[in-house]
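This briefing is meant to be read with the sequence and the coordinates side by side. Please keep both open while working through the points.

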Amino acid sequence: MAMSTPTTTKTDLLFLGLLLDRPRHGYELYRQIQAEGIDDWFNVSTAGVYYSLRKLRDQGRVAESRQRKAGSTRKSIYRLTETGRSTFFAAMEAELASQEKACLDYDLAIYLLNRVPQQRAIPRLEQRQSFLAEQADGVRAALAAERENGNSPLKLAILDLSLIHISE
């Protein structure tokens, strides 16, 4: 019986893509996720980073080596294997060509809205509207700053898409 190929989750894809550039420590990956604002739209905890890296290692998609730095404990460094590299490109191609319907978690609250008494729903919807207006202002400010810095057209695209989701 042939073994099935493990599925590649969006989290797997993120780490494979981040390791494509160079080998890194798990904490370094987590710091990059924070520094680039990925955690604003993709929820990954420190524990989640290490869980994902161990899973990818066990699947043969990344290799782990231990490094001792002067005066510190041994740290694991993760690097992409050839299997991981080919998995990344195949998963990226599938993701880019995806016909998967975009849906937001908030859709469930809207779907069930008619089951909440109006006097309870309206104040909460007003709170949500205020929150989204603040969030949209934050994204607009981030967009302006990113355009001024001229750093990343990809980050601009993500911010533009975020603004569309917030505004509509």
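What follows describes the overall make-up, then the helix contacts, then single residues.

The model is predicted, and the protein it shows contains seven helices and three strands. Read from the start of the sequence, these elements come in the order α-β-α-α-β-β-α-α-α-α.

**Overall figures**

- Of the 168 residues in the protein, 26% are buried.
- Among contacts in the protein with a separation of 6 or more, 51% join residues that lie 24 or more positions apart.
- The protein exposes about 12,100 Å², and carbon and sulfur atoms supply 54% of that area.

**Helix α1 against helix α4**

- Helix α1, which covers residues 10-21, and helix α4, which covers residues 82-96, have axes that come within 9 Å and cross at roughly 125°.
- Because angles over 115 and up to 145 degrees fall outside the perpendicular and antiparallel ranges, α1 and α4 are oblique to each other, and their crossing is left-handed.
- On the α1 side the residues that meet α4 are Lys10, Leu13, Leu16, Gly17 and Leu20, while α4 brings Gly84, Arg85, Thr87, Phe88, Phe89, Ala91, Met92 and Glu95.
- Sorted by class, the residues of the contact of α1 with α4 are seven nonpolar, three polar and three charged.

**Helix α1 against helix α3**

- The axes of α1 and α3 come within 10 Å, and the two helices cross at roughly 80°.
- Since an angle of 65 to 115 degrees counts as roughly perpendicular, that is the description that applies to α1 and α3.
- Thr11, Asp12, Phe15, Leu16 and Leu19 of α1 make this contact with Val49, Ser52, Leu53, Lys55 and Leu56 of α3.
- The contact of α1 with α3 comprises six nonpolar, two polar and two charged residues.
- Leu16 of α1 takes part in the contact with α4 and also in the contact with α3.

**Helix α2 against helix α3**

- Helix α2, made of residues 26-35, packs with helix α3, made of residues 46-58, at an angle of about 125°, and their axes are 9 Å apart.
- The pair α2 and α3 is therefore oblique, and α2 passes α3 in a right-handed crossing.
- From α2 the contact draws on Gly26, Tyr27, Leu29 and Tyr30, and from α3 on Thr46, Val49, Tyr50 and Leu53.
- Six of the residues in the contact of α2 with α3 are nonpolar and two are polar, with no charged residue among them.
- Val49 and Leu53 of α3 belong to the contact with α2, and both also appear in the contact with α1.

**Isoleucine 33 in α2**

- Isoleucine 33 is found in helix α2, and its relative accessibility of 0% is why it counts as buried.
- Apart from residues up to four places away in sequence, isoleucine 33 touches Leu14, Phe15, Leu18, Ile38, Asp39 and Val44.
- One of these, Phe15, is also a residue of α1 in the contact with α3.
- Asparagine 43 is 10 residues from isoleucine 33 along the chain, and the C-alpha atoms of the two are separated by 9.6 Å.

**Threonine 81, between β3 and α4**

- Threonine 81 lies in the loop that runs between β3, residues 74-80, and α4.
- With a relative accessibility of 16%, threonine 81 counts as buried, because the cut-off for that class is under 20%.
- Once neighbours within four places in sequence are left aside, threonine 81 is in contact with Gly60, Arg61, Val62 and Ala63.

**Alanine 136 and glutamine 135 in α6**

- Alanine 136 has its place in helix α6, which covers residues 118-149, and glutamine 135 is in helix α6 as well.
- Alanine 136 counts as buried at 5% relative accessibility, whereas glutamine 135, at 35%, counts as partly exposed.
- Leaving out neighbours within four places in sequence, alanine 136 is in contact with Leu163 and Ile166.
- Leucine 159 is 23 residues from alanine 136 in sequence, and from C-alpha to C-alpha the two are 10.0 Å apart in space.
- Glutamine 135 and leucine 163 are 28 residues apart in sequence, with a C-alpha to C-alpha distance of 8.6 Å.

Notes:
Residues numbered from 1 in each chain as written. Predicted model: local features only at pLDDT ≥ 70, side-chain atom pairs only at ≥ 80, totals over all residues. Heavy atoms only, no water. Axes fitted to C-alpha atoms, helices over the stretch in contact; angles between N-to-C directions. Helix = DSSP H or I, 4+ residues; strand = E, 2+ residues; numbered from the N terminus. Parallel < 35°, antiparallel > 145°, perpendicular 65-115°, else oblique. Left-handed = near helix turned anticlockwise from the far one by under 90°. Contact = heavy atoms within 4.5 Å. Nonpolar A, V, L, I, M, F, W, Y, C, P; charged D, E, K, R; others polar. Buried < 20%, exposed > 50% of the residue type's maximum accessible area, 1.4 Å probe, protein only. Areas by Shrake-Rupley, 256 points an atom, 1.4 Å probe, with all protein chains shown as cover.
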